[in-house]
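Here's a casual walk through one model, taking a helix before a strand and some ring pairs. Have the structure open while you read.

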Amino acid sequence: MKRGIHGRRDHSLVLGHLLLPVAVLLDRPWLFLGGTVLAVGSELRGERQPSWLRRMLRDNFLGMEVRTTFREILLLLLLVRAWPERQLPPAVVLCVSAFVLRRLLRMPSTAVMGRLWRTRKLAVETRNIDAAGLRIGRGPARELGPLAVQVNQVSGFLGIIGPLLAAATGEHVLAPVGSGLMLLLAVGWCCYLAPVLLRNRRIAGREEALRHVQKWIDAYRPETVLHFAGTRTSGYQLNMWLETLARLDGRTMILLSNRHTMEELAPTSLPVVCIPVGAELMNLDWSSVKVVFYAANVGASIQTMRLPTARHVFIGHGDSDKLASVNPFSRVYDEIWTAGRAGVDRYAQAQVGVREEALVEVGRPQLGRIQHGPRGGGVRTVLYAPTWESWTEDPGNTSLGVAGEKIVAKLLASPEPLRVLYRPHPFTGLRDRRMAAVDTRIRGLIAQANAKAAAGISAAPTAGQKAALAELAEVRAELASILGGWRGAKGDSADRTRDCRLTRAQEERVNWLHNRRGELVWSVGRPDEHRLVIGEDYALYDCFNESDALVSDISSVVSDFMASGRPYAITDAAGLGAEEFRLRNTAARAAVILTPDAGGLDALLAALRDPAADELAEQREELKSYLLGPEEPSSMTRFQMALDDLVARRARGRVPRLREPVEASALR
């Protein structure tokens, strides 16, 4: 949907600026006004989500400021043509002078805004840490950048419309009206900025902010740190670990290297510090840290890898047979914690130089929420959750492009009642736009199927649905009340550094509310309604609990779903053949293998209809233990034991971990 909106915004931008010179040549003030409305409207709507065209124009010295000047120059040319005797009325001359004065007024406002931007862009950002020492004043109601653009565009439009109306109607008195409003808005903007700047004139600078963080580190003395850096939209890789880390013994904190990750951070009671400049992070004293966890292999990890007294552990963000799961970079860690024996064997087979004694099986603590066994009751439900296209050209990365539409179409065409849940990967279309187009078409198929099923059926909610909707509204309201401005639109990053606090009790309440919200969203709407399960209302593990079967690709989604013990299918997108595909991918050994044309779905659906036809049930249970580890002790217990063991060996000055010989699994 957003892509289409961007396209219409760009069309308006281009069309508006094409109409302006045409209006000047034809001496048509009303046409010029229409082009101006299109152009300025497009500028205002498109500012928050820049498109490819806008970035291209900016990179080629045709940014928004140049386009604004272009419109003003063309307006002057139109005014000259409107009065060919070159005797411009005094009112129009006044308008031209107003344009010049507005430009002069922008100089102090731009200087003030730049000062505010530098002042409020703190050297560090934090959550759940007392920031009183930073003396952060209340910021503007909205972020300065978009608001400044809107003010500039609106004031420019007001300055243009007066002379245009004067030229079109001959009523010269109209000309200074718009100019007066333009100057009034420009002066008002300066008056708005002044008190904001005064409130923040004493905010802590870079050196003082870093000293404040060091003082907090010295007092808190963190023992366990998760250091995370990643691209935009990769915050889910961090968020999946927050609850586990909050339950650990000892003093734990989150250390981030990217400001954008703070915007994606899920609510947590853990202390969070973001230090974007690597040199500043490295110059702080982290000597109390015993263990550093890493959820992703990124270059920024080197910033904490330098800590010689800490032990460095890769915990990843899911278990799968992707090449990323055996990245040679893993050699730099003291230990690599895997879910089960499969992770150990995977590294051994890859031969990337990782020592076997560095591999530790800890299970997957996050999977405790997944219900094991048949779902029971309700319309049979299949979840289609393809992975993304990845950074490589490997044709087997995702099923979306070769089989996605066929899979969904076949599921929707099932002669027996069947509900389809579609959950695209957050990165879908990031590298390959064709995948984004397929994603859009699949969403269309689901919408069409729902519309067809709803035809002639009363849309009025039942009493139970009304009750669920009422409780859902209460849950959302309580969440909003507790979380406040954690990731709200009000204020800026400095405001959130000052205000964002969450106690452990509040965090537990928030987690309960999230789980309850996840239960309630399934109670509204028709029980057979197909759903696009994205957004905060639809947690992945809630989708698992609502599904009788999964269709996916080689990714951690399959390994996690295995905790449910329910049937699943994986698409052989590269067309290797079932035998070779199972040989190469551990998670496929208990899966129904789908061909690139979605062949094999019938076998999956047969297992749903009749448990006796589920020939892979026993293999799934064996593979579950192999991939995710044993049921007892619990994954959380094993994770804590592994941490305690590592800390004890660190205290004794022994880094290597002695492993007892483990017999190879039958699935090896």
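Helix H16 (residues 463–483) has 21 residues, and at 1.5 Å a residue they should span 30 Å; the end C-alpha atoms are 30 Å apart, so the two values agree. (The expected span is 1.5 Å times one less than the number of residues; helices are DSSP runs of H or I with at least four residues, strands are runs of E with at least two, and both are numbered from the N terminus.) Keep in mind that this is a predicted model: local features need pLDDT of at least 70, side-chain atom pairs count only at pLDDT 80 or more, and totals for chains, interfaces and linings use all residues. Residues are numbered from 1 along each chain as its sequence is written, and side-chain values use heavy atoms, with hydrogens and water left out.

Which residues of H16 are buried? They are Gln465, Ala468, Leu472, Val475, Leu479 and Leu483, where buried means under 20% relative accessible area, exposed over 50% and partly exposed in between (1.4 Å probe, protein chains only). These buried residues cover an arc of only 80° around the axis, so they sit on the same side of H16; the arc is taken from the directions from the helix axis to the C-beta atoms. An α-helix has 3.6 residues a turn, so residues three or four places apart point the same way. Turned away from that buried side are the exposed Ala463, Lys466, Glu474 and Ser481. Right after H16 comes Gly484, with a positive phi near 55°.

Now for strand E5. Its two faces are both covered, with Val291 and Phe293 buried on one side and Val292 and Tyr294 buried on the other. Two strands pair if DSSP finds at least two bridges between them. E5 has these partners:

| Partner of E5 | Sense | Bridges | Opposite residues |
|---|---|---|---|
| E2 (residues 224–228) | parallel | four | His227 and Tyr294 |
| E6 | parallel | four | Val313 and Phe293 |

On to the rings: there are 14 aromatic pairs in the structure. Rings of Phe, Tyr and Trp (its six-membered ring) pair if their centres lie within 6.5 Å; planes under 30 degrees apart count as stacked, over 60 as edge-to-face and the rest as tilted. Phe293 and Phe639 have ring centres 5.6 Å apart and planes at 50°, so this pair is tilted. Since Phe293 is in E5 (residues 291–294) and Phe639 in helix H24 (residues 635–651), the pair ties together parts 346 residues apart in sequence. Both Phe293 and Phe639 are buried. Phe314 and Tyr333, by contrast, are stacked, at 5.2 Å centre to centre and 25° between the planes.
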